[in-house]
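Trainee: I'd like to learn how to read a new structure. Could you walk me through this one?

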Amino acid sequence: MPTYRSDLDSIPVYVPGRPIDEVARELGIDSLDKLASNECPEPPFPEVIEAIAASAAGVNRYPDNSVYELSRAIARHQGVEANNVWVGSGSSEILRCAALAVGGPGTSAVFADPSFVMYRIATMVAGSRAIPVPLTDSFDHDLGAMFSAIDDETTIVYVCNPNNPTGGHLAGSELTAFLDAVPEHVLVVIDEAYAEYVTADDYQTFINEAPNRPNMLVARTFSKIYGLAGLRVGYGVASSELIGSLRRTQAPFTVTSAGQAAALEALRHQDQVAKRREANDGGRRDLVRDLSALGYTPAPTEANFVYFEPDVDAAELGDALLHRGQIVRVLGDGIRVTVGTASENDRFIEALDTVTHS
Ligand SMILES: Cc1ncc(COP(=O)(O)O)c(C=O)c1O
C-alpha cells in the first residue's frame, strides 16, 4: 500500500448531483427531472453544437495551450485585456489552482458556510487550514465575521456572489468595502459563477476592477447560462502578474479544443443568453411563489436555483421527492432546487405538493 499523506482521509469527497440514468436504474422510474446541479435546462445553442462537431476532426492534435482565440473573445466581451483572462477546465480548476498557488501547510483559507463545497476541498487539497464562517440568519455572507476570521496564516478568502447553495447576493458597495479592508497579501477570489442570472440592480461584477487590484481574482464559468457544463470551460480575470503566478499550478492542455470552440461560439449569442436570463427569472419567481404557497420559506435568490429549509427532515423530503422523479440537492437542513424548464418546475411543485400533503 502506498504511504498516503496523513490528512488525505479528512479531505471531503465532492458529491455530485445524482445522474438521471443511475436513479432510473435504482428506482425503476422512467420519468425523472434532474434539478440537482444548477445546470442549464436547455441544450447548447445550435451554432455551438455545430462548432463542437466541427472541432472533432482536429482532436488528433493537442488543444491550443494558450487558449488564444477564446481568451481574446472573453476579453473583448468583458472589456479587459487578453492577458487579464485565464481559462481553465471549468472554474473549478481556476479555484483549485488558486488554492494550490497560495496554500500549503501553515496557511489558512476563509470562506462562507454553507457555500460552494469546492472552496473547502481545494483548501484541504492544498494542505491549508479551512476557516468556514457561518452565513447570517438570512443566508447572506457575513462579511464582518469573515474579515475578523482572517488570521496571521490566511492567504486566501473566497466570496461566492451569488452564493451557492442559498442564492443570495451581496451588493457591490458591501463587497467594495470588504475588498478595500482585506490586506493586500491575502488573495480574494470572487466566484461569480451565477452572475449572468442576476437581475438585482445593486449587484456588481468585479471583473472590470480585477485587473487593477493586485490581490483579486474573479471566477466565471460557461457551465451555467451558456449550457456547457459537460465540456468544462471556466475562466478567471485578474492582473496579468497574478495570473502569471497562479497558473503555474495548472496542468497543460486542460481546456479541450471542443471546449474552446464551443465557448467561443457561445459568446457570440448574447441575445440568447439574455433570453435565458429572462426565462430563469420567470422560473425562479414561479418557484418562489409556489414554494411559499405550500408553506415553505425560500431564500431570496439571484441565481438559477432556489433554497429552502423545510420544518421536516430535509433528507427525508429529498428522498420522497426522488421517489416521485424529482432529483434535488439535499444540503444539511436545506433543499436546493435548480430552476428548470416551465414544465420541469411545474412537475417539481406538483411532486412537492403531493409529498407535503401525504
Ligand atoms: C459557485 C460555483 N462556482 C463554481 C462552480 C464550478 O463550475 P465549473 O467548474 O463547472 O465551471 C460551481 C458549480 O456548480 C458553483 O456553484
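Mentor: Sure, let's go through the sheets, one strand in particular, and then the ligand shell. Keep in mind that this is a predicted model.

Trainee: How many strands form the open sheet that includes β7, and in what order?

Mentor: To read a sheet, follow which strand pairs with which. Here seven strands line up as β2-β8-β7-β6-β5-β3-β4, with mixed pairing. An edge strand pairs on one side only, and in this sheet those are β2 (85–88) and β4 (129–134). Ignoring direction, neighbouring strands are turned by 20° against each other on average.

Trainee: "Mixed" is the word I'm stuck on. In which sense does β7 pair with β6, and in which sense with β8?

Mentor: Take each pair on its own. Strand β6 (residues 187–191) and β7 are parallel, over four bridges, and V189 stands opposite L217 in β7. On the other hand, β7 and strand β8 (residues 234–237) are antiparallel, also over four bridges, with A219 opposite G236 in β8. Out towards the edge strand β4, the pairing with β3 (residues 108–113) is parallel over six bridges; A109 has A130 as its bridge partner there.

Trainee: Now the faces. Is β7 mostly covered or open?

Mentor: Here's the general idea: in a regular strand the side chains alternate between the two faces of the sheet. So you check every second residue together. In β7 (residues 216–221), six of the six residues are buried. One side carries M216, V218 and R220, the other L217, A219 and T221, and both faces are covered.

Trainee: What is the order of the strands in the three-stranded open sheet?

Mentor: The order is β9-β12-β11, and the pairing is antiparallel. Its edge strands are β9 (305–308) and β11 (329–331). The twist averages 20° from one strand to the next. Between β11 and β12 (residues 334–338) there are three bridges, and L331 is partnered with G334.

Trainee: Which helix lies across β9 and β12?

Mentor: That's α10 (residues 270–293), running at about 20° to β9.

Trainee: Last one: which residues come nearest to the ligand?

Mentor: With a ligand, look at who surrounds it, then at their classes. There are 13 residues around this one, and G90, S92, A193, T221 and S223 come nearest. You've already met T221, among the buried residues of β7. Helix α4 (residues 90–102) gives the most to the shell, with three residues. By class, the shell has eight polar, four nonpolar and one charged residues.

Conventions: Residues numbered from 1 in each chain as written. Predicted model: local features only at pLDDT ≥ 70, side-chain atom pairs only at ≥ 80, totals over all residues. Buried ≥ 20, exposed ≤ 12 C-beta atoms within 10 Å, placed from the backbone. Helix = DSSP H or I, 4+ residues; strand = E, 2+ residues; numbered from the N terminus. Pairing = 2+ DSSP bridges. Axes fitted to C-alpha atoms, helices over the stretch in contact; angles between N-to-C directions. Contact = placed C-beta atoms within 7 Å. Near = placed C-beta within 6 Å. Nonpolar A, V, L, I, M, F, W, Y, C, P; charged D, E, K, R; others polar.
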